[in-house]
Amino acid sequence: MNTAPDSAAPHRWLTPEEQRVWRAYLHASTLLEDHLDRQLQRDAGMPHIYYGLLVTLAEAPKRRLRMTELAMTAKITRSRLSHAIARLEKNGWVRRENCPSDKRGQFAVLTEEGAAVLGRTAPGHVTAVRQALFDRLSPEQQKALGEIMEIVAEGLQPDEEGADLPWLR
């Protein structure tokens, strides 16, 4: 079965309203990520992605996850995760442990120092998120945004075998 797009079919361009929404989304998401990155760099000397990794480990049983599971949760490549974990290890916030049941597997483990940094950083980060996003929206808008993002994420999360996903690269 040929699944290539039909070059004779008319292209479905974005309408002016869709273009407005798309550009507003891009603009806002870029500014939000930059805002959160700057806050975390200022307060803890780490980028937003590292903060997310520490939070994920803090919420995991025994504050540890297999590296592959952590990459999947963070939606990043294994290479990018390995680099991030190396930096977090250098700071003393995370350590790696070999997996006893799989010689090739490793765990990332949040250290006491990493938990302390997270504890000191979380209040400022939550304030930044609240001020940048939630304080600007009504409860109805917050609910709608959550529902919209869940629909978008669900549609983009492939479930077929062999999908090209960052954490599998």
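Two residues count as in contact here when heavy atoms of theirs lie within 4.5 Å. With that in hand, a good place to start in this predicted model is Q39, a residue of helix α1, which covers residues 16-44. Setting aside residues up to four places away in sequence, Q39 touches T121, G124, H125 and A128. One of these, H125, is also a polar partner: its side chain and that of Q39 are joined by a polar contact of 3.0 Å. Is Q39 buried or exposed? The cut-off for buried is under 20% relative accessible area, and Q39 comes in at 3%, so Q39 is buried.

Next comes the nonpolar core. In soluble globular proteins, nonpolar side chains tend to be buried together. The largest nonpolar core here has 24 residues, and those touching the most other members are M46, L54, L70, L81, I85 and L88. Two or more residues each are supplied by α1, α2, α3, α4, β3 and α5, the last of these spanning 112-132. It is α2 that gives the largest share, with five residues. As for I85, its contacts beyond four places in sequence are M67, L70, V94, R96 and A108.

Two of those contacts of I85, M67 and L70, lead straight to helix α3. This helix runs over residues 67-74, and its buried residues are M67, L70 and A71. Looking down the axis of α3, these buried residues stay within an arc of 100°, so they line one face of the helix. What do they pack against? Their partners are the helices α2 (48-59) and α4 (78-90), together with the strands β1 (64-66), β2 (94-98) and β3 (106-110). Right after α3 sits K75, with a positive phi near 60°.

Positive phi values turn up elsewhere too. Most residues other than glycine have a negative phi, which makes a couple of loop residues worth a look. In the loop between α2 and β1 there is K62, which is not a glycine and yet has a positive phi of about 60°. The loop between α2 and β1 also holds R63, again not a glycine, with a positive phi of about 55°. How accessible is each of them? K62 is exposed, its relative accessible area being 75%, while R63 has 24% relative accessibility and so counts as partly exposed.

Technical notes:
Residues are numbered from 1 along each chain as its sequence is written. This is a predicted model: local features need pLDDT of at least 70, side-chain atom pairs count only at pLDDT 80 or more; totals for chains, interfaces and linings use all residues. Side-chain values use heavy atoms; hydrogens and water are left out. Buried means under 20% relative accessible area, exposed over 50%, partly exposed in between (1.4 Å probe, protein chains only). Helices (H or I, at least four residues) and strands (E, at least two) are DSSP runs, numbered from the N terminus. The arc is that of the directions from the helix axis to the C-beta atoms. A polar contact is a pair of N or O atoms within 3.5 Å; within protein, one must be able to donate a hydrogen and the other to accept it, and residues adjacent in sequence count only if both atoms are side-chain atoms. A nonpolar core is a set of buried Ala, Val, Leu, Ile, Met, Phe, Trp, Tyr and Cys residues joined through side-chain atoms within 4.5 Å.
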